[in-house]
2 protein chains.
Amino acid sequence: MREIAATWMRGGTSKCWVFRRDDLQVPDLSVDEVLLRIYGSPDHRQVDGVGGGTSTTSKAVILAPSETSGVDVEYTFAQVGIEEAKVDWGSNCGNCSAVVASFAIREGWVRPGASETAVRVLNTNTDQLIVQRVPTPGGVLDEEASEAIPGVPFLGAPVRMGFVDPAGRSTGHLFPTGHQRDTLSEAVGGVVVTLVDAGAPVVAAQAADFGVRGDEDIADLDAVPGLLARLDAVRREAGVLMGLAPTPEAVARAVPKLALVAAPDPASAERTDLTVRMLSMGRFHPAVPVTGSVALTLAADAPGTVVHDLVPEGRPAAGLQLGTPAGRVSTFAEEHDGVPVVGVVRTYRRLAHGSVVLPDPPLQPSASA
Amino acid sequence: MREIAATWMRGGTSKCWVFRRDDLQVPDLSVDEVLLRIYGSPDHRQVDGVGGGTSTTSKAVILAPSETSGVDVEYTFAQVGIEEAKVDWGSNCGNCSAVVASFAIREGWVRPGASETAVRVLNTNTDQLIVQRVPTPGGVLDEEASEAIPGVPFLGAPVRMGFVDPAGRSTGHLFPTGHQRDTLSEAVGGVVVTLVDAGAPVVAAQAADFGVRGDEDIADLDAVPGLLARLDAVRREAGVLMGLAPTPEAVARAVPKLALVAAPDPASAERTDLTVRMLSMGRFHPAVPVTGSVALTLAADAPGTVVHDLVPEGRPAAGLQLGTPAGRVSTFAEEHDGVPVVGVVRTYRRLAHGSVVLPDPPLQPSASA
């Protein structure tokens with residue numbers, strides 16, 4: 001039996017276990033093997049591990065202080081498979097990103113400033129710099145639960161996360177096909193979509209093209225016969241067009257993400273610019289992936305995209321108000337020294353910490369359950 | 001922020017956080033308030049806490065060494081509400097019980113024997129003594145993952161759990177109504193059921209009376225229109241007949257449990273005596289609650305019960321082979337010094353340990369999510 005130091009944190013609407021990179025080095029085992037066994041995968045319930053049996057609760061954040069100039073912390077995200085014995089390293093999780101600044105300050109990797117501390121976090125999955133600001137009044141990290149975000153019914157400690165120059169991190173271009181909109185093949189319905197790469201590669205497709213309004217509860221959308229399969233076919237064809245994989249079959253589960261978008265509801269209590277239901281790991285997300293909200297913010301600003309056509313004219317340009325299943329999520333868009341920075345405010349909380357246990361023997365034949 | 005020492009363990013097919021009783025004493029807060037906040041309740045996802053958003057992953061085991069003669073450990077079980085801000089103390093969880101012996105030996109509360117150690121555990125919810133046997137070769141607890149149980153796709157460390165003299169712990173009688181079978185009111189279909197109290201109060205109802213076979217996948221049973229509501233009405237009327245509550249509305253969610261029983265499938269690869277799908281906390285259980293399997297074992301041995309009529313004549317009497325959604329679960333029935341002992345072998349595993357975190361402030365208005 002081996003104990004591996006770990007902290008369980010909520011970041012935004014996700015729960016993730018946070019590890020120091022060196023602590024996941026176990027003799028004779030790959031990091032993938034270690035994570036899968038700790039999380040209890042493969043198993044749809046993950047009953048023999050620390051995974052939660054859903055995509056938003058089977059995530060790992062792996063951190064190390066950085067030697068690179070202009071970077072404080074190197075952050076690698078792992079989506080740990082649930083039914084599948086596979087770890088996906090191909091994308092970042094913007095929600096989990098929200099835990100990094102706090103962890104780094106607690107570890108002593110970053111010295112807190114007098115009132116606020118900016119932690120420069122490099123996500124290694126996407127080569128994306130994320131500058132995170134947390135309150136540190138009097139030079140002490142303030143983790144008081146004081147802020148609300150949609151999808152989390154308790155207050156949490158705030159972190160303001162800016163994705164620095166996010167366009168094209170995965171493909172080299174904000175619009176990887178060179179077009180603001182693309183028409184997909186008749187095999188997937190000939191729909192018109194926008195393919196955008198910022199934060200994460202995202203396919204923006206119009207809800208109306210799939211016979212839904214786009215503001216439904218996600219359980220209702222899950223229940224529409226064939227919808228998830230049709231959207232996944234769209235996503236896979238789009239992934240090939242974006243250059244992410246050579247064939248639809250080879251497109252990863254995690255990216256591109258797919259956003260089903262619609263015009264905002266004018267009767268909504270909270271003013272929004274765009275209604276969105278986003279697919280993540282094959283399921284509708286309960287709120288919105290942060291990385292996807294960055295992509296939609298830049299797509300909304302670009303005339304010719306399907307997103308731009310849906311958002312109201314004359315809205316304030318510095319960000320986007322997204323109508324999500326959990327409520328309104330607001331992004332911001334700024335410029336610092338001529339570099340665009342797009343992001344959101346999230347909250348986080350430490351849930352538990354200590355160590356996770358790798359059993360003896362760590363690798364074993366699955367039981368015949 | 002306050003840290004509370006805790007260990008996360010799998011016990012059988014459940015996951016539970018294990019606490020020392022004294023550690024849950026927090027100034028100005030009730031234990032219920034502490035547990036609800038730590039687990040992130042109320043919230044269907046428990047995203048801001050250590051609960052897993054399902055009944056089998058929102059459980060707490062609270063332990064203390066015992067001063068009582070013949071008892072080593074006092075064990076209290078708490079079912080922590082998910083959507084409801086309520087902790088249910090009215091029943092035991094047999095699966096979670098499986099973690100107690102290991103925890104007590106690790107804490108030094110029980111001195112290990114030379115080859116095997118028997119730990120005498122008193123469940124305070126049901127006043128039930130459970131004798132647990134774990135291997136301790138050479139006086140050292142052996143937690144090697146070596147045994148399989150249905151519903152858990154990984155091997156675990158074995159614990160043999162015997163419920164000592166389990167009849168009537170909640171109501172005073174094995175058959176609380178004085179009958180081996182009772183006919184319920186026409187309002188709930190006039191069905192004939194057996195009401196039995198052993199391990200936990202259980203209603204045994206025949207699947208055929210509800211238009212199902214009883215060997216369906218639980219997802220298929222969940223999808224039968226009105227079935228869950230009809231079974232809950234049966235459960236509530238039965239709870240009143242068993243003296244557990246004055247009215248159907250006042251019957252707890254946790255007890256009585258309801259077992260939908262059917263004759264064994266003669267074509268099954270593994271010989272079974274009884275097919276069972278059991279309701280626990282309003283949902284079909286992925287395997288079987290251990291406490292419910294104890295009740296069914298004693299009911300099967302009593303002529304006149306609906307269970308006895310379904311099990312094959314001439315089966316070996318010392319236990320019951322249950323066909324559950326996850327596979328076959330075997331109970332044993334023995335006598336020690338004239339006292340009946342009924343139980344099962346389960347496996348357990350330590351998943352994580354350290355502490356859970358109570359935020360600052362611990363009590364707060366729910367955010368408007």
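Hi everyone. To start with a definition: helices here are DSSP runs of at least four residues, numbered from the N terminus. With that in hand, look at helix H1 of chain B, residues 31–39. Right after H1(B) comes Gly40(B), which has a positive phi, near 80°. The buried residues of this helix are Val34(B), Leu35(B), Leu36(B), Arg37(B), Ile38(B) and Tyr39(B). Please keep in mind throughout that this is a predicted model.

Now let's see how the two chains relate. Chain B superposes on chain A by a rotation of 180° with 0.0 Å of shift along the axis, and the RMSD is 0.0 Å. That is how a two-fold axis relates its copies. The same surface serves both of them, since 100% of the contact residues of chain B recur in chain A. If you'd like to find the axis on screen, go to Gly354(B): its C-alpha is 2.0 Å away, the closest approach of any residue of chain B.

Next, a strand in chain A. How many of the 8 residues of E4(A) are buried? The count is 8 of the 8, so this strand, residues 73–80, is largely enclosed by the rest of the structure. In a regular strand, side chains alternate between the two faces of the sheet. Here Val73(A), Tyr75(A), Phe77(A) and Gln79(A) point one way, while Glu74(A), Thr76(A), Ala78(A) and Val80(A) point the other way.

And which strands pair with E4(A)? Strand E3 of chain A, residues 59–65, runs antiparallel to E4(A) and is joined to it by 7 bridges; in one of them, Ala64(A) partners Glu74(A). Strand E6 of chain A, residues 116–123, runs parallel to E4(A), with 3 bridges, and there Val73(A) has Val121(A) as its partner. Then there is the short run E5(A), residues 87–88, paired with E4(A) in the antiparallel sense over 2 bridges. Val80(A) stands opposite Val87(A), and the two strands make a hairpin with 6 residues between them.

There is a helix in chain A with a similar story. In H6(A), residues 290–300, 11 of the 11 residues are buried, so the helix is largely enclosed by the rest of the structure. Among them are Val290(A), Gly292(A), Leu296(A) and Ala300(A).

On to charges. Side chains of opposite charge can pair when their charged atoms come close. Over all chains, the count comes to 37 salt bridges. My pick to show you is Arg349(B) with Asp48(A), at 3.0 Å from N to O. Arg349(B) sits in strand E17 of chain B and Asp48(A) in the loop between H1 and E3 of chain A, so this pair joins two chains. Both partners are buried: Arg349(B) has 5% relative accessibility, and Asp48(A) has 0%.

For contrast, try Arg133(B) and Glu116(B), which meet at 3.3 Å. They come from strands E7 and E6 of chain B, so the pair ties together parts 17 residues apart in sequence. Arg133(B) is partly exposed at 35%, and Glu116(B) is partly exposed at 43%. There is also a network, where salt bridges that share partners join Arg10(A), Arg349(A), Arg37(B) and Asp48(B).

One last stop: Arg236(B), in helix H5 of chain B. A polar atom of its side chain lies 2.9 Å from the backbone oxygen of Val251(B). Leaving aside neighbours within four places in sequence, Arg236(B) is in contact with Pro248(B), Glu249(B) and Val251(B). Thanks for listening!

Terms used:
Residues numbered from 1 in each chain as written. Chains lettered and ligands numbered in written order. Predicted model: local features only at pLDDT ≥ 70, side-chain atom pairs only at ≥ 80, totals over all residues. Heavy atoms only, no water. Polar contact = N/O pair within 3.5 Å; in protein donor to acceptor, adjacent residues only side chain to side chain. Contact = heavy atoms within 4.5 Å. Buried < 20%, exposed > 50% of the residue type's maximum accessible area, 1.4 Å probe, protein only. Pairing = 2+ DSSP bridges. Least-squares fit on C-alpha atoms with pLDDT ≥ 70 in both. Salt bridge = Lys/Arg side-chain N within 4 Å of Asp/Glu carboxyl O.
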